[in-house]
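The following exchange introduces a structure to a reader who has not met it before. Each question asks for the grounds of a statement, and each reply sets out those grounds.

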Amino acid sequence: MSDGVRLDHQLLTAREVADLLRLPVSTVYELARTGRLPYLRIGRAMRFSQRDLEAHLGEACRAEPSRAEPSVRRSDVG
């Protein structure tokens, strides 16, 4: 079942995502509404696939240079 939805994958609430990402719940909802976090709509409820979030955040980290690594400029080397 490669194109179907797997029901054994963990679905998270906005509160659980907020706790994992250490963000306010309102920010999680805003990120989802603006398309910056993938989510599923089940009736009126918004749910987040843990696997989809991990993949999405992994792609975002690879697309953006790490802010933890210091940049080295020519004037810094000496």
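**Confidence and overall plan**

In the protein chain of this predicted model, mean confidence is lowest in H3, at 88, and highest in H2, at 97.

Q: How do you know what confidence the predictor has in the protein chain as a whole?
A: The pLDDT scale runs from 0 to 100. On that scale the mean for the protein chain is 82, and 72% of its residues reach 70 or more.

Q: What makes up the pattern of the protein chain along the sequence?
A: The protein chain has three helices and three strands. Read along the sequence, they follow the pattern β-α-α-β-β-α.

**The sheet**

Q: What makes E1 and E2 the edge strands?
A: The sheet is open, has three strands in the order E1-E3-E2, and is paired in the antiparallel sense. E1 and E2 (40–42) each pair on one side only, and they are the edge strands.

Q: Why are E1 and E3 called paired?
A: Pairing requires at least two bridges between two strands. Two bridges join E1 to E3, so the requirement is met, and the two strands run antiparallel. Leu12, for example, has Phe48 in E3 as its bridge partner.

Q: How do you know that E2 and E3 pair?
A: The requirement is again at least two bridges. E2 and E3 have three bridges in the antiparallel sense, and therefore they count as paired. Leu40 has Arg47 in E3 as its bridge partner, while Arg41 stands opposite Met46 in E3.

Q: What lies between E2 and E3 in their hairpin?
A: Two residues lie between the two strands, and Gly43 in the turn has a positive phi of about 65°.

**Burial in the helices**

Q: Why are the buried residues of H1 said to be on the same side of the helix?
A: The buried residues of H1 (residues 14–21) are Ala14, Val17 and Ala18. They cover an arc of only 100° around the axis, which puts them on the same side of H1. What covers them includes E1 (11–12), H2 (25–33), E3 (45–49) and H3 (50–63).

Q: What makes the buried residues of H2 a group on the same side?
A: In H2 the buried residues are Val25, Val28, Leu31 and Ala32. Their arc around the axis is only 125°, which puts them on the same side of H2. On the other side of H2, Ser26 and Arg33 are exposed. The buried residues of H2 pack against H1 and E3.

Q: Where do residues with a positive phi follow H1 and H2?
A: Arg22, just after H1, takes a positive phi of about 55°. Gly35, just after H2, takes a positive phi of about 80°.

Q: Which strands does H3 lie across, and how is its angle to E3 given?
A: H3 lies across E1 and E3, and runs at about 60° to E3.

**Two residues set against the cut-offs**

Q: Why is Ser49 called buried?
A: A residue is buried if its relative accessible area is under 20%. Ser49, in strand E3, has 8% relative accessibility, and therefore counts as buried. Leaving aside residues up to four places away in sequence, Ser49 touches Gln10 and Leu11.

Q: Why is Pro24 called partly exposed?
A: Buried means under 20% and exposed means over 50%, with partly exposed in between. Pro24 is found in the loop between H1 and H2. Its relative accessibility is 46%, so Pro24 counts as partly exposed. The C-alpha atoms of Pro24 and Ala14 are separated by 9.3 Å, although these residues are ten apart along the chain.

**The core**

Q: What makes a set of residues in this chain its largest nonpolar core?
A: Such a core consists of buried nonpolar residues joined through side-chain atoms within 4.5 Å. The largest has twelve residues: Leu12, Ala14, Val17, Ala18, Val25, Val28, Leu31, Ala32, Leu37, Met46, Phe48 and Leu53. H1, H2 and E3 each supply at least two residues of this core, and the largest share, four residues, comes from H2.

Q: Which residues does Val17 touch?
A: Val17 touches Leu12, Val28, Leu37, Phe48 and Leu53, not counting residues up to four places away in sequence.

Q: Why might nonpolar side chains be found together?
A: In soluble globular proteins, nonpolar side chains tend to be buried together.

Notes:
Residues numbered from 1 in each chain as written. Heavy atoms only, no water. Buried < 20%, exposed > 50% of the residue type's maximum accessible area, 1.4 Å probe, protein only. Arc of directions from axis to C-beta. Contact = heavy atoms within 4.5 Å. Axes fitted to C-alpha atoms, helices over the stretch in contact; angles between N-to-C directions.
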